[in-house]
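Here are my notebook entries from a session with this model. I went through it one spot at a time and wrote down what I looked up.

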Amino acid sequence: MADNSNQTAVAQVDLTKVKPYGDTLNDGYMEMAFTLPVPYGEEAEEAAKQYVKGMGMEEPNVTYYHELCPGYTFFVVYAKATHTIDFTKIKVKKVDTEVMDRVECGKWIGEHVGRDIVVVGASTDSDAHTVGIDAIIQMKGFHGHFGLERFKNVVAYNMGSQVPNEELLAKAKEVNADAIMISKTVTQKDIHIQSLTNMIELLEAEGLRDKFIVTCGGPRISHELAQELGYDAGFGPGKYAEHVMSFIMQEVVKRGWQDKPNIADR
């Protein structure tokens with residue numbers, strides 16, 4: 001007889017009153033890690049417990065803590081959450097498009113676009129990290145997901161890191177790109193917001209905002225944030241080349257760009 005214990009457990013969950021799962025369903029236990037600007041010692045341990053209690057949690061247990069440097073202590077705390085959320089009322093803005101794998105994307109482009117789709121990407125301004133843009137464009141990709149250089153019917157230009165927005169835009173115009181892709185890894189003091197906003201301002205100043213499909217991605221990028229900043233789509237953690245290209249290629253068809261019009265004619 002099949003074991004339906006997992007199905008039974010799921011069926012018993014009240015999605016209107018969801019709380020963390022630690023050892024048993026609805027026990028509320030969760031683990032968190034943080035740093036306090038206090039000197040290492042037993043007083044620091046107590047400070048961490050009091051701080052977690054102040055967050056509305058019960059039974060805090062400091063499972064690990066150590067001195068990062070004089071005056072700063074790092075903690076791992078296990079505690080019991082008391083509040084719940086109504087999962088059934090959650091609405092998230094997300095890229096609403098069919099996601100196809102690498103082979104399916106290449107075939108779809110051949111059948112519905114009939115030409116190569118051209119994309120240009122970079123980590124812009126002061127951002128020196130290429131891990132994101134390489135994961136999307138570079139042939140080897142990331143985590144078993146090949147980049148756009150391996151996609152059939154796609155021509156991808158990876159400009160690397162610390163590329164000024166002006167240079168990225170110039171390259172997109174030079175190769176008559178369909179899409180511009182920006183990767184942002186560095187986010188301290190919201191520097192990514194400033195840089196991403198600047199790109200949209202440059203496009204608008206030249207009257208080119210509607211001439212390109214413009215996307216951005218990174219660890220703190222969501223589709224909602226991207227759209228708020230003026231981008232067509234945003235891709236955060238867990239998204240790969242196939243997610244990005246699935247959106248771009250379907251957007252090309254939606255905009256009627258199958259005949260590869262020059263930028264001025266779009």
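**Entry 1: two helices.** I started with the contact between H3 and H8 in this predicted model. From H3, I listed Arg102, Cys105, Trp108, Ile109 and His112, which meet Glu242, Met245, Ser246, Met249, Gln250 and Val253 of H8. Sorted by class, the contact comes to 6 nonpolar, 3 polar and 2 charged residues. Next I looked up the geometry: H3 covers residues 102-112, H8 covers residues 241-254, and they pack at an angle of about 10 degrees with axes 10 Å apart. Angles under 35 degrees count as roughly parallel, so I noted H3 as roughly parallel to H8.

**Entry 2: Arg115.** From there I moved on to Arg115, which sits in the loop between H3 and strand E4 (117-123). Is Arg115 buried or exposed? Its relative accessibility is 13%, and the cut-off for buried is under 20%, so I put Arg115 down as buried. I then checked its side chain and found a polar contact of 2.9 Å with the side chain of Asp178. Leaving out residues up to four places away in sequence, I wrote down what Arg115 touches: Ile109, Asn153, Asp178, Val252, Trp257, Gln258, Asp259 and Lys260. I was pleased to meet Ile109 again, since this H3 residue is also part of the contact with H8.

**Entry 3: the sheet.** E4 led me to an open sheet of 5 strands, and I traced the order as E5-E4-E6-E7-E8, with parallel pairing. Which strands stand at the edges? They are E5 (154-158) and E8 (233-235); each has a single partner strand, so one side of each has no neighbour in the sheet. On average, neighbouring strands here are turned by 20 degrees against each other, direction ignored. I looked at one pair in more detail: E6 (residues 179-183) and E7 (residues 213-217) pair in the parallel sense over 5 bridges. For Ile182, I found the bridge partner in E7 to be Cys216.

**Entry 4: positive phi.** Lastly, I looked up two backbone angles. Glu59, in strand E2 (residues 57-69), has phi near 50 degrees, a positive value in a residue other than glycine. Glu59 is partly exposed, at 48% relative accessible area. Asp190 also goes on this page, with a positive phi near 55 degrees, and it is not a glycine either. I found Asp190 in the loop between E6 and helix H6 (191-205). With a relative accessible area of 36%, Asp190 is partly exposed.

Note on methods: Residues are numbered from 1 along each chain as its sequence is written. This is a predicted model: local features need pLDDT of at least 70, side-chain atom pairs count only at pLDDT 80 or more; totals for chains, interfaces and linings use all residues. Side-chain values use heavy atoms; hydrogens and water are left out. Axes are lines fitted to C-alpha atoms, for helices over the stretch in contact, and angles run from 0 to 180 degrees between N-to-C directions. Helices (H or I, at least four residues) and strands (E, at least two) are DSSP runs, numbered from the N terminus. Angles under 35 degrees count as roughly parallel, over 145 as roughly antiparallel, 65 to 115 as roughly perpendicular and the rest as oblique. Contact means heavy atoms within 4.5 Å. Ala, Val, Leu, Ile, Met, Phe, Trp, Tyr, Cys and Pro count as nonpolar, Asp, Glu, Lys and Arg as charged, and the others, Gly among them, as polar. Buried means under 20% relative accessible area, exposed over 50%, partly exposed in between (1.4 Å probe, protein chains only). A polar contact is a pair of N or O atoms within 3.5 Å; within protein, one must be able to donate a hydrogen and the other to accept it, and residues adjacent in sequence count only if both atoms are side-chain atoms. Two strands pair if DSSP finds at least two bridges between them.
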